[in-house]
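The report that follows describes selected strands, a loop position and the empty spaces of one protein chain. Please keep the sequence and the coordinates at hand while reading.

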Amino acid sequence: MDKEHVREVDPAVADALAGERERQEETLAMIASENYASEAVIEAQGSALTNKYAEGYPGARYYAGCEYADDVEELAIERATELWGAEHVNVQPHSGTQANQAVYYAMIEPGDKILSLDLTHGGHLSHGHQANFTGQLYEVEQYQVDPETGYLDYEGLREMAESFDPDIIVSGYSAYPREVEWERIQEAADAVDAYHLADIAHITGLVAADVHSSPVGIADFVTGSTHKTIRAGRGGIVMCDEEYADAIDKAVFPGGQGGPLMHNIAGKAVGFKEALQPEFEEYAQQVVDNAETLAETLSDHGLELVSGGTDNHLVLVDLRESHPDLTGGDAEDALAAANVVLNANTVPGETRSAFNPSGIRIGTAGITTRGFDEEATAEVADLIYEVVDNHDDSSVIYEVGERIEELCSEYPVYE
């Protein structure tokens, strides 16, 4: 086989890859579910392990030649166990959604009941939306945040649980800016003899660094993504007590997946080692500090924030009060033109389409990886507001874009 680089083999793909690298350097990744992996994680994910089939688990594979695959997966499991303190960890899920799928497949039957947060209130597709397999295979009821405060209504959740009698309650969210009181949700699950699945996809890194409370040891199952605030290889993870270990492992393989993506598991192992270093705790705290600065600065400009602020890595802006004629989609487009990449998002009490909603979701994990502190984040917040307030003014958008490019040069992703 010729040992050629992508540029030599496929110039069109090489152009796209180079363009993506340049795009990431010249724009700010402020989508709350995005981050920048280290060069070491990227190297591991692009390794020769992409060639290896390794169905099964370390020491019990269905193919020969898995000795190094075993080493890598065992390292990923050991490091995840140290990071989150779970009794059992499965690092094979290809994504956070497939991690959730494994729990459902292991513990409940089609037609059983799921109680989860409404998507427009900050939930996730894999928690029971009709467009997802969960909404089609299971009976789903959904709780909401308090429309006045933007906080989870824990009493309402418990009342709904007692009325609906679910088989599993799902906590953990994709657009909820406040710390979650896992114990209160566990109390609701205990009251109706339901399982409790805590999906920490967004806050895996914050939980690992102890800047957000942990559901491990409280919820029956904890799932997550491994590429967001934790900055490891792209994929998912399931954590549980030892009593559920066999059921979860069988649900992942052969229940829902075939061969594990060993190159991604290598990326997870490397990222988990990085997260075990003392500087990761400083990083996670800075993510939260930057989000608080972002929230305060946007609020000072008169933008309405769901729940009035944030405790974690994201801010959810409801544009209806301050800019009633501006949709989240139009704000997203204007900001993208100014080199700030974030996403339109539904807000509690959404009155528009989910495809062009009333809010924008802004995260600080990516810019913190670049080295932004509170002062730099405050300037970014000022620039975001300037675009939102002048979304139809191309000259303002151009000027903001120029400043964002300067900031990107000052804080490069990769040296």
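## Strands E8, E9 and E10

Strand E8 (residues 195-199) and strand E9 pair in the parallel sense over three bridges, where pairing requires that DSSP finds at least two bridges between two strands, and where helices (H or I, at least four residues) and strands (E, at least two) are DSSP runs numbered from the N terminus. The model is a predicted one, in which local features need pLDDT of at least 70 and side-chain atom pairs count only at pLDDT 80 or more, while totals for chains, interfaces and linings use all residues. Residues are numbered from 1 along each chain as its sequence is written, and side-chain values use heavy atoms, with hydrogens and water left out.

Within the pairing of E8 with E9, Ala198 stands opposite Val222. Strand E9 (residues 221-225) is also joined to E10, by five bridges and in the antiparallel sense, with Met239 as the bridge partner of Val222 and Ile237 of E10 standing opposite Gly224. Strand E10 is further joined to strand E4 (residues 88-90) by three bridges, again antiparallel, and there Val89 has Met239 as its bridge partner.

## Burial of E9 and E10

Five of the five residues of E9 are buried, so this strand is largely enclosed by the rest of the structure; buried means under 20% relative accessible area, exposed over 50%, and partly exposed in between (1.4 Å probe, protein chains only). Phe221, Thr223 and Ser225 point one way from E9, whereas Val222 and Gly224 point the other way, and all are buried.

Strand E10 (residues 236-240) is likewise largely enclosed by the rest of the structure, because five of its five residues are buried. Here Gly236, Val238 and Cys240 point one way and Ile237 and Met239 the other, all of them buried.

## The four-stranded sheet and helix H12

An open sheet of four strands has the order E11-E12-E15-E14, with antiparallel pairing. Its edge strands are E11 (304-305) and E14 (343-345), each of which pairs on one side only. Strand E12 (residues 314-318) and strand E15 (residues 359-363) pair in the antiparallel sense over five bridges, and the bridge partner of Val317 in E15 is Ile360.

Helix H12 (residues 278-300) packs on this sheet, touching E11, E12 and E15, and its direction makes about 20 degrees with that of E12. Contact means heavy atoms within 4.5 Å, while axes are lines fitted to C-alpha atoms, for helices over the stretch in contact, and angles run from 0 to 180 degrees between N-to-C directions.

## The loop position Ala338

Ala338 is placed in the loop between helix H13 (328-337) and strand E13 (340-341), and it counts as buried because its relative accessibility is 0%. Its C-alpha atom is separated by 3.9 Å from that of Gly401, which is 63 residues apart along the chain. Leaving aside neighbours within four places in sequence, Ala338 is in contact with Val387, Ile397, Val400, Gly401 and Ile404.

## Pockets and the cavity

On a 1 Å grid over the protein atoms alone, a cavity is a set of points where a 1.4 Å probe fits but cannot get out, and a pocket is an open set with protein on both sides within 12 Å along at least five of seven lines; lining residues have an atom within 4 Å of a point. The largest pocket has a volume of about 760 Å³, a volume being the space filled by probe spheres set on grid points that are joined across faces, edges and corners. Of its 23 lining residues, Glu20, Gln24, Ala37, Ile42 and Tyr414 lie nearest the centre, and helix H2 (11-26) gives the most to the lining, with five residues. By class, this lining has nine nonpolar, seven polar and seven charged residues, where Ala, Val, Leu, Ile, Met, Phe, Trp, Tyr, Cys and Pro count as nonpolar, Asp, Glu, Lys and Arg as charged, and the others, Gly among them, as polar.

The second largest pocket holds about 470 Å³ of space, and the largest share of its lining, three residues, comes from E14. A search of the whole structure finds one cavity of 30 Å³ or more. The largest cavity has a volume of about 90 Å³ and is lined by 13 residues, of which Tyr173, Tyr176, Val180, Ile203 and Asn312 lie nearest its centre.
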